[in-house]
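Biologist: Got a minute to go through some labels with me? I'd like to hear the reasoning behind them.

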Amino acid sequence: MRWWVLVVIGMAQLMVMLDATVVNIALPEAQQDLGFSDGSRQWVITGYALAFGSLLLLGGRLGDLLGRRTLFVIGLAGFGAASVVGGSAGSFEIFVAARVAQGLFAALLAPAALSLLSVTFTEPSERAKAFGIFSALGGAGGAVGLLLGGMLTEWASWRWVMYVNVVFAVPALIGALLLLAKPVITKKPQLDIPGIVVVSAALFAVVYGFAHVESTSWTDPVALGSMIVGAVLLAVFVWLESRVAHPLLPLRLVLDRTRGGSFMAVFVLGMGMFSIFLFLTYYFAASLGYSPIKTGLAFLPMVAGVVASSTTMPSLVLPKVGPKIVVSAGFLVAAAGMALLTRLELDSTYATHIMPGLILLGLGIGAVMSTAIQGATSGLHHEDTGVASALINTGQQIGGSISTALLTTIASSAATDYLTSHKPSALAAAQAGVEGYTATLAWGSGFFVAGAVIAAFLIPNRALEPSEGEPVMAH
């Protein structure tokens, strides 16, 4: 029965991860159909990221207080409904509102899914397998989203990248209602209202600031102001949490070295992964002229690497060598894969120049993700699993926001430098694009090396404890 619970949780996880990339490929067609400007386009992505990123901690804590099954069901139903509204949108405003609603319900759903997994699988060997499968879905979801987005856009219409979520949401919802036990709330929920307000505002400001940088510059007063306000509010939040009786985020969760190091690993992984998907997608489409479907297919060796690594490392390698070695080595393997891709040219061949780097990336990412997620939820009391799970998603989201802004700037300055030192021509313009993409991949490789160093210093090399279990299955 527990493995059926994993199927339900896995479908929800895959749906949320797909949504991070599936819309990107459909954006040009949606823009043409709904008639919105290039400047407005980023709000389709940013609207989702703002709602998701800023409300995750609240979603995680609500799951701990009101019952994970309750939040999981609300999140699934809401996400499915918002997807239908987005798919049938007749105007840009309704489309963006639906994306914001998707982000809001994803913030309830994602932490509930991971915390349900954490309290369902407490026996070490089962736990390793379950976390491996969950991590494989997380790592593969973004790449599969690109392929699915391409297929749906090319063969049906952009609206189907929204409607497709219903295919995941409905069976997962039925499964959740049948398989998950109704929560028994024994104590009155205590919510840290000041903490919720401050951290939601802080995360909103941080994500908004970095998103604004992409369309303006690092010196733009709105972008700069948002980032400063976000940083100050985060400091206020930490101060608050050390003083309130029922903190939204008990500081003991992050001060434990295994969990703290694992959260940092997830943050760095988020920074590197976004650069892979975003800039390699540009390279495949703009430099090599791949169609959306071919672009999605090009990522499949990386998906295979993630799945192979996520499903074998936790049960076969982790118990023998410990989390510090697995995470550090995984980051170095991913960094090597990224470094191989910095040698891309306009005439690079897929099998020789692209595939080996993608396979290494997949193997490294799978090892880091499966171990870090297990580490971040290790040794938890069941009343803290929701907020710890939310922190994992928040780390990935904030890491991705920061790196997308940073790497967009790096790509454009590398391309500009190339153009200023070469005679203007179509070939020079195409080569400038490649220079921009390879510069971002070099930085991505650097992020992963930094991740290996952080893991080596922070994560102790001891066996990971399971979380405290509780009944989550219907009888």
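Modeller: Sure, and bear in mind that this is a predicted model. Let's start with Arg252 and Asp384, whose side chains meet in a salt bridge at 2.5 Å, N to O. The two sit 132 residues apart, with Arg252 in helix 9 (residues 252-255) and Asp384 in the loop between helix 14 (350-376) and helix 15.

Biologist: What makes Asp384 buried?

Modeller: Its relative accessible area is 2%, and buried means under 20%, so Asp384 is buried.

Biologist: And why is Arg252 called partly exposed?

Modeller: Arg252 has 45% relative accessibility. Partly exposed runs between the 20% and 50% cut-offs, so that label fits Arg252. Both residues also belong to a network of salt bridges that includes Arg61, Asp64 and Arg68.

Biologist: How do you know that Asp256 and Arg462 form a salt bridge?

Modeller: The N to O distance is 3.9 Å and the cut-off is within 4 Å, so the pair counts. Asp256 lies in the loop between helix 9 and helix 10 (257-287), while Arg462 is in the segment after helix 16 (426-458).

Biologist: What about Gln396 in helix 15: why is Gln396 called buried?

Modeller: At a relative accessible area of 16%, Gln396 falls under the 20% limit, so it is buried. Leaving aside neighbours within four places in sequence, Gln396 is in contact with Val266, Gly270, Phe274 and Met369.

Conventions: Residues numbered from 1 in each chain as written. Predicted model: local features only at pLDDT ≥ 70, side-chain atom pairs only at ≥ 80, totals over all residues. Heavy atoms only, no water. Buried < 20%, exposed > 50% of the residue type's maximum accessible area, 1.4 Å probe, protein only. Contact = heavy atoms within 4.5 Å. Helix = DSSP H or I, 4+ residues; strand = E, 2+ residues; numbered from the N terminus.
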